[in-house]
Amino acid sequence: MFSETVSISRATLPEFDAVVDSYRDIFSTGMVTNGKYLKEFEERMARYLGVAHAVGVSSASTGLLLTFKALGLKGEVIVPSFTFSMTGHALAWNGLRPVFVDIDPETCVIDPEKVEKAITPDTCAILGVHIWGNPCQADRLQEIADRHNIPLLFDAAQGTGSRYLERPVGGFGNAEVLSLSPTKLVVSGEGGIVATNDAELARRVRIGRAYGDDGSYDCLYEGMNARMSELHAVLGLASLEMADKNIAHRLKLFDLYRSRLRKLPGIQFQKITPGGVPNGVYFSIIIDSERFGLTRDQLYEALKAEHVDTRRYYHPPMHRQSVNAHLAPQYEGKLPNTDKIAANSLTLPMFSHMTEEQVKGVCQAIERLHAHREEVRKRMGAAATGGHR
Ligand SMILES: Cc1ncc(COP(=O)(O)O)c(C=O)c1O
């Protein structure tokens, strides 16, 4: 279909002219970290997210690690298994035990009813994840967290620019941790933001990102170097300027994908949580292989041959990954929606400078593969057995 591969995602960078003066300034002063650009970026992010504090960190991964550490959490954390691996790793790095609960099969985010049922005296927090940019039901989760007097946190790595109940994602729960890595809406190269209205938590995360040292060399706790450099903050500032325009463009591409692909049998889309507005960060389809005529994995392989780069987000889900092999038996048959979505979802190319023509091309590739599904299956069967029958 394409002579050059359509990437799953590409960072959309600002014009070089938009950042060059700031870089020249940094190069002339030598202030490469802990300077004015980070401060300005944090202030602007706080305003954008509607929170009192936005703490810049080196990644969402380190932001999650520091947030759990700074809160002094101990025990079990209720979390979806259907998420990117780092959500769970950050718990493990803090000695916290994940208690995986199922997702809603339509919205693909954590199901509050399952959260309620999973609470035990050892539960120390609830951790929601705004999967593919779709906001969690933060109000219902907050109500549960309040009733049990435990913190509510969000891995909002994919959530920058999404909204729920007319408020930006970033301001829900005790803290939300956003990612600024290249596949996201606001890109600083690598980077993250810990967003919170809790001044003490923000203070502790700031100390944590500087080794746990408040400047006295008498460390408060075991921190790390998780600072965001000035070079990254400059890029983040320019990228934030483009966020709303980029989200609007992505949502237009979402509509285009949906309007074309809904005509095919056996393709479903993630339902947006009622009251939510997504940011368009990832566009995924869920395949009913009986009706579509190809399995998710067959479609994945066939699209690769058409030079369309896709991802099987999130397969395997956390409870089935090797790193969690010791936990797997207890979840057998317990997370049916997670297993089903993980086995059947496919994330299609989406980035802020993707063109309508590219989306149409991806749709046409899928339409053609569906039309020729028998031939595709036959050839794949031949390839799998290594023969030329
Ligand atoms: C849900 C989730 N959590 C955590 C991360 C890690 O973010 P970072 O790469 O900024 O460390 C990602 C990255 O894609 C993610 O999607």
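Helices here are DSSP runs of H or I with at least four residues, numbered from the N terminus. Keep that in mind as you work through these exercises on a predicted model.

**Exercise 1. Helix α1 and what follows**

Task: Check whether the length of helix α1 agrees with its number of residues, find how many of its residues are buried, and look at what comes just after α1.

Solution:
- Step 1. Helix α1 covers residues 17–29, which is 13 residues. The expected span is 1.5 Å times one less than the number of residues, so α1 should span 18 Å.
- Step 2. The end C-alpha atoms of α1 are 19 Å apart, which agrees.
- Step 3. A residue is buried if 20 or more other C-beta atoms lie within 10 Å of its own. One of the 13 residues of α1 is buried, so the helix lies largely in the open.
- Step 4. Gly 30, just after α1, has a positive phi of about 75 degrees.

**Exercise 2. Positive phi without glycine**

Task: For Asn 34 and Leu 165, find the phi value, the place in the chain and the exposure.

Solution:
- Step 1. Asn 34 has a phi near 55 degrees, positive in a residue other than glycine. Its place is the loop between α1 and α2 (36–49).
- Step 2. Asn 34 has 12 C-beta neighbours inside 10 Å, so it counts as exposed.
- Step 3. Leu 165 is not a glycine either, and its phi is positive at about 50 degrees. You will find Leu 165 in the loop between β6 and β7 (167–168).
- Step 4. With 14 other C-beta atoms within 10 Å, Leu 165 is partly exposed.

**Exercise 3. Around the ligand**

Task: Which residues come nearest to the ligand, and what classes make up the shell?

Solution:
- Step 1. The shell holds 14 residues, and those that come nearest are Ser 59, Ala 60, Ser 61, Ala 157 and Ser 179.
- Step 2. Two elements, α3 (60–71) and α4 (85–93), give two or more residues to this shell.
- Step 3. Sorted by class, the shell has five nonpolar, eight polar and one charged residues.

**Exercise 4. The core and the two domains**

Task: Locate the largest nonpolar core relative to the domains, then describe how the domains meet.

Solution:
- Step 1. The largest nonpolar core has 107 residues, and Val 77 and Val 194 touch the most other members. The most residues, 10, come from helix α8 (residues 230–261).
- Step 2. Both domain 1 (17–240) and domain 2 (242–384) give residues to this core, so it lies between them.
- Step 3. Look at Val 77 beyond its neighbours within four places in sequence: its contacts are Leu 91, Leu 96, Pro 98, Val 99, Cys 124, Ala 125 and Leu 127.
- Step 4. The centres of the two domains, taken over C-alpha atoms, are 26 Å apart. Where they meet, 34 residues of domain 1 are in contact with 30 residues of domain 2.
- Step 5. On the side of domain 1 that touches domain 2, α4, β6 (163–164) and α8 give two or more residues. That side has 15 nonpolar, 14 polar and five charged residues.

**Exercise 5. Cis peptide bonds**

Task: Where do the cis bonds from Tyr 313 to Tyr 314 and between His 315 and Pro 316 lie?

Solution:
- Step 1. From Tyr 313 to Tyr 314 the peptide bond is cis, and omega is near -5 degrees.
- Step 2. His 315 and Pro 316 are also joined by a cis peptide bond, with omega about -5 degrees.
- Step 3. Tyr 314 lies in the loop between α10 (296–305) and α11 (328–331), and Pro 316 lies in the loop between α10 and α11 too.

Key: Residues numbered from 1 in each chain as written. Predicted model: local features only at pLDDT ≥ 70, side-chain atom pairs only at ≥ 80, totals over all residues. Near = placed C-beta within 6 Å. Nonpolar A, V, L, I, M, F, W, Y, C, P; charged D, E, K, R; others polar. Core = buried A, V, L, I, M, F, W, Y, C linked by C-beta atoms within 7 Å. Domains from an automatic or database assignment. Contact = placed C-beta atoms within 7 Å.
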